[in-house]
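Thank you all for coming. I would like to take a few minutes to walk through one model with you, beginning with the chain as a whole and then moving to a few of its strands and one loop residue.

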Amino acid sequence: TDVENNWIGMARDLPGSARPNATGIELVRGNAIRIGGASAALGNTISGNAGRGIETPAGSLLLDATLIENNIIGLNPARSAALGNGGDGITIRAGANATTIRGNVIGANGGHGVLLDGGGTSTVEGNVIGLRGAANTANDNSASGNAQAGIWVNNSTGNALVGNRIA
């Protein structure tokens, strides 16, 4: 399953205004699910939801090899203003295995940027967390921090946290 180039939690005609869902994307069961893709053009903007941006709820079964890549989570599509989700930007719980979270811009969420809670063997790499962009210009370095930790790992083993930029 591929989820690409969507605006989730806001209206396309009014990109700065929230149209919240309880959760932006909830993953319960599946293999090789891809949220976003190898280029920014395939990424989703997941912002303004009442709860979490992306979540694997407790008790998810058979959720293997999920890729969450090149999405904007908690900011408007231009990354110029906060439009946070009410909870964590991304929550991965027990039952989800071999999840890769790569190349996302995550900020302004009401919880953690990324929460690994009981899941295992996740890779979190090359994300910009708590900033608006890639750190190449002053505008890109503007703080849009999450309300809690950039990355929080709780009761989760075998994870790799590599090359993230966290403000």
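Before I turn to charge, let me fix the counting: Lys and Arg are taken as positive and Asp and Glu as negative, while His and the chain ends are left out. On that basis, the protein chain carries 10 positive and 11 negative charges, and the mean positions of the two groups lie 5 Å apart. Please keep in mind throughout that this is a predicted model.

Let me continue with the overall picture. The protein chain has 22 strands and 0 helices, and its C-alpha trace spans about 40 × 30 × 25 Å along the principal axes. The radius of gyration is 14 Å, which agrees with the value near 15 Å that a compact globule of 167 residues would have. Buried residues account for 49% of the 167 residues, and of the contacts with a separation of 6 or more, 72% are between residues 24 or more positions apart. The protein chain exposes about 6,900 Å², of which carbon and sulfur atoms supply 50%.

Now to the pairing of strands. Strands of a sheet pair through backbone hydrogen bonds, in either a parallel or an antiparallel sense. One open sheet here has 3 strands in the order S6-S10-S14, with parallel pairing; its edge strands are S6, at residues 30-31, and S14, at residues 96-97, each of which pairs on one side only. S6 is joined to S10, residues 63-64, by 2 bridges, and within this pair Gly 30 stands opposite Leu 63.

I would next draw your attention to S17. This strand pairs in the parallel sense with S13, residues 90-93, over 4 bridges, and there Ile 92 stands opposite Leu 116. S17 is also joined by 4 bridges to S20, residues 151-154, again running parallel, with Leu 115 opposite Trp 152. Both faces of S17 are covered, since Val 114 and Leu 116 on one side, and Leu 115 and Asp 117 on the other, are all buried.

Finally, following the chain onward from S17, is Ser 122 buried or exposed? This residue lies in the loop between S17 and strand S18, residues 123-125. Ser 122 is buried, because its relative accessible area is 1%, where buried means under 20%. Leaving aside residues up to four places away in sequence, Ser 122 touches Ile 92, Thr 99, Leu 116, Gly 158, Asn 159 and Ala 160. Among these are Ile 92 and Leu 116, the two residues that stand opposite each other in the S13 and S17 pair.

Methods:
Residues are numbered from 1 along each chain as its sequence is written. This is a predicted model: local features need pLDDT of at least 70, side-chain atom pairs count only at pLDDT 80 or more; totals for chains, interfaces and linings use all residues. Side-chain values use heavy atoms; hydrogens and water are left out. The radius of gyration is taken over C-alpha atoms; the globule rule is 2.2 Å times the number of residues to the power 0.38. Buried means under 20% relative accessible area, exposed over 50%, partly exposed in between (1.4 Å probe, protein chains only). Contact means heavy atoms within 4.5 Å. Accessible areas come from the Shrake-Rupley method with a 1.4 Å probe; for residues, only the protein chains shown count as cover. The place of a charge is taken as NZ of Lys, CZ of Arg, CG of Asp or CD of Glu. Two strands pair if DSSP finds at least two bridges between them.
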